[in-house]
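The following exercises are to be worked through with the sequence and the structure at hand. Each task is followed by a solution in steps.

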Amino acid sequence: MNRFLFFCFSFCLSLLASAQVSLTKNGKAVSRLVLVEDNPVNQQAAKLLQQFVKQMSGAQLPILTEKTTGKGNIYIGGKANDAGEDGFRLLTNNGSLFIQSGGDKGAIYGVVTLLEDYLGVHYWAAECFDCPKKASITVPDLNRVETPAFRYRQTYSYGNDDPIYKMWYRLEEPNEMFIDDMWVHTFNRILPSKQFGKEHPEWYSFINGERRPGDHSQWCLTNPAVFDACVHQLDSIFAAHPDLKMISVSQNDGNNTQCSCEECRKLEEYEGSPSGVFIHFLNKLASHYPDKEFSTLAYLFTMQPPRHVKPLPNVNIMLCDIDCKREVPLTDNASGQYFMQALEGWSKISDNIFVWDYGINFDNIVSPFPNFHILQKNMQTFKDHHATMHFAQVNGIKGGDFSEMRAYILSKLMWNPYQDVDELMKTFMVGYYGAAAPYLYQYQKIMEGALLASGKELWIYDSPITHKDGMLNAHLRKVYNELFDKAEAAVGDDAEKLYHVQLSRLTLQYSELEIARTEQGGNKDKVKADLDLFQQRTRKFGVKSLNERNNAPEDYCELYRKRFIPQEKKSLAAGAKVAFLSKPDKKYQPIADSALTDELYGGTTYVESWVGWEGRDASFIIDLGELKTFNTIETDFLHQLGAWILLPKGGRYSISEDGEHFQEFGVFSFPEDRDVQVKFVPGRVQSETPINARYIKVDIQTLGMCPDWHYGVGYPAWFFLDEVSVY
């Protein structure tokens, strides 16, 4: 090499070295963390960097609050003018590193990016991370600016209890943004019906011919007195929380419960959607409080936008896609198209949209839900239609379907939805599952393909039983189990990785148990062993719930043994014919003739095995085929408040030898039950002495309308029943 080339090479090396910043050398701190502004966010950012540098190298970088200069400093804070809210700039200059903020938590997220992308630290799940050991830590030349795709990012992750996890995943929670944690379904918190409903029923919805104040009733939004009362309440709320400016003024949970008085109905007809009535009201509030931001729901009956009125800039539209199916992106099926119509409509009249996306099985959270292939496309769609805030209610509780990987991928996509999602999956799997990753990647891809090939929809109130002839058929379950067996064997000598694999296997185990209870003639001993293992592992892993209503795995396992494993004691009504005097609703008639006497009991999801009536009494006769002697009749009822399924008032059993002349056997009744847990409740009558009869007449008295405390206030309640047993 000639002298000139050598000089140029040496000069470039010296420039490169001067651009780098050394944090530690040989286990000793050679840099300092300098807070440009001494505030809680910058303090958190500095402590986070200090903590991981110490864990990597053993050296503790000092944190300084006084103004200081000098080569090698790390300056945390200062304004990154070209970054937006929560964004940051990472800049090396003259031997120092600058972590500047675009606002809010930008400095923290800058530190996270530095640690993850340049220092090799990875946070896979709550309290689960990889931190390499490095005695000497050097930051390369940097000039990186980022702003997140969404200014507010929330997932449904159980990891949020870990403060580092929450910072690392760049997540926020409602109480950080919304005044007094008021972020959804707030009507009854602002004007509680229990406080105002008796004196002012005219403030609440007119439904099916009368005013119906209730916990889930809406407001009569065209009534000027409601606006005045709301302002009075909000004045007090704002005065108590001067540090935040955003609040939700939004409909209570429940569908089609809007006010239908003459004035509300006229405005709704003019706007072409109930949402128009709500936006008129919200715009009045937004004008009254121009320094505040008001969020309101576009949910169920208010999902479609109004025809004329436009939300003011300080009115935030929280648009929810709850009724959409999840097997393909929202752009690709009929239910998604209806949502897309709403999204496109709102995006034409608002740049302030909050999308609440659902991708979780509320009724069976611990079951497979293969929708990784749609997450990115949906999120890109939201971003392209002016969504600035996003809640992905997709991953869920511990024990849910690959919950940890969902949280990881979701957090990455909410920051930047244009990344390679398949590479994100592979990166996570290798880090979290280790040598088991190839087998679990195959599992995901095979199940995804099986779902699409089956033609079955994926629904947020789904059941594994829906897919027992599709993606969960017996042949595929055999393949899935073989892959999990290989995965467990691959990490058998690594307790942590084995834990991760077995935790993720719970959904497959639960599916097999659910499918087994719907099939006659199975291997009872195997089912018992599978149930014992599922109970053992859910205990070991601390899985608290199987569904949205917090039914515990322990209760499920005990109930399964009593309810679903065939008992020695057989019902005398097994296989009996059923003649309906008052038929169930049309959707349930195809199975009604056999479901009530097939000795297969329904589970927590009403879409399989259960037979339902909406707002009507039920009446039917069971023919036992011949005279039989018994002293007990029992009917199985479902209690599931979230689906508007309430216990009926009660019922009556009558008996006959000839099918024409009946005499009363006994009656039963149910007390009101407001418990949100899913339950199976027997309607049982016992005789002190045995009786002989061939025919049993069952009459069930409906509750009628949903009560004022329920989501369906003013509308008919459902009741569902399954097996009628005779002993």
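Two strands are said to pair if DSSP finds at least two bridges between them. The model used throughout is a predicted one.

**Exercise 1. Strand S22 and its partners**

Task: Determine how many residues of strand S22 are buried, and state in which sense strand S20 and S22 run.

Solution.
Step 1. Locate strand S22, which spans residues 618-639; 17 of its 22 residues are buried, and the strand is thus described as mostly covered.
Step 2. Turn to strand S20 (residues 577-582): five bridges join S20 to S22, and the two run antiparallel. Within this pairing, Val578 has Ile622 of S22 as its bridge partner.
Step 3. Consider strand S25 (residues 679-701), which is joined to S22 by 17 bridges and also runs antiparallel to S22. Here the bridge partner of Thr632 is Gln686 in S25.
Step 4. Examine strand S26 (residues 718-726), which pairs with S22 in the antiparallel sense over five bridges. In this pairing, Phe637 stands opposite Leu721 of S26.

**Exercise 2. An open sheet**

Task: Give the order of the six strands that form an open sheet, and identify which strands are its edge strands.

Solution.
Step 1. Read the order of the open sheet: S12-S19-S18-S17-S16-S15, with parallel pairing.
Step 2. Look for strands that pair on one side only; these are the edge strands, S12 (152-157) and S15 (246-248).
Step 3. Note the twist, which averages 20° from one strand to the next.
Step 4. Inspect one pair in detail: strand S16 (residues 293-298) and strand S17 (residues 315-320) pair in the parallel sense over five bridges. Leu297 has Met318 in S17 as its bridge partner.
Step 5. Add the helix H13 (residues 403-415), which lies across S12 and strand S19 (387-396) and runs at about 170° to S19.

**Exercise 3. The surroundings of Ser57**

Task: Decide whether Ser57 counts as buried or exposed, and describe which atoms its side chain reaches.

Solution.
Step 1. Place the residue: Ser57 belongs to helix H2 (residues 40-57).
Step 2. Apply the cut-off, by which a residue is buried under 20% relative accessible area. Ser57 counts as buried because its relative accessibility is 12%.
Step 3. Follow the side chain of Ser57, which reaches the backbone oxygen of Val53 at 2.8 Å and the backbone nitrogen of Ala59 at 3.1 Å.
Step 4. List the contacts, leaving aside residues up to four places away in sequence: Ser57 touches Thr24, Gly27, Lys134, Ala135 and Ile137.

**Exercise 4. Helix H18**

Task: State which residues of H18 are buried and which helices they pack against.

Solution.
Step 1. Check the length: H18 (residues 524-541) has 18 residues and reaches 26 Å from its first C-alpha to its last, close to the 26 Å expected at 1.5 Å a residue.
Step 2. Examine the start of H18, where a side-chain oxygen of Asn523 reaches to within 3.1 Å of the backbone nitrogen of Asp525.
Step 3. Name the buried residues of H18: Val527, Leu531, Phe534, Gln535, Arg537, Thr538 and Phe541. These buried residues pack against helix H16 (474-490), helix H17 (495-516) and helix H19 (553-563).
Step 4. Pass beyond the helix: Gly542 follows H18 and has a positive phi, near 70°.

**Exercise 5. Confidence**

Task: Find where pLDDT stays under 50.

Solution.
Step 1. Begin with the whole protein chain, which averages a pLDDT of 94, with 98% of the residues scoring at least 70.
Step 2. Turn to residues 1-17, over which pLDDT stays under 50; for these residues the model has one contact beyond four places in sequence.

Technical notes: Residues are numbered from 1 along each chain as its sequence is written. This is a predicted model: local features need pLDDT of at least 70, side-chain atom pairs count only at pLDDT 80 or more; totals for chains, interfaces and linings use all residues. Side-chain values use heavy atoms; hydrogens and water are left out. Helices (H or I, at least four residues) and strands (E, at least two) are DSSP runs, numbered from the N terminus. Axes are lines fitted to C-alpha atoms, for helices over the stretch in contact, and angles run from 0 to 180 degrees between N-to-C directions. Contact means heavy atoms within 4.5 Å. Buried means under 20% relative accessible area, exposed over 50%, partly exposed in between (1.4 Å probe, protein chains only). A polar contact is a pair of N or O atoms within 3.5 Å; within protein, one must be able to donate a hydrogen and the other to accept it, and residues adjacent in sequence count only if both atoms are side-chain atoms. pLDDT is the predictor's confidence in each residue, from 0 to 100. The expected span of a helix is 1.5 Å times one less than its number of residues.
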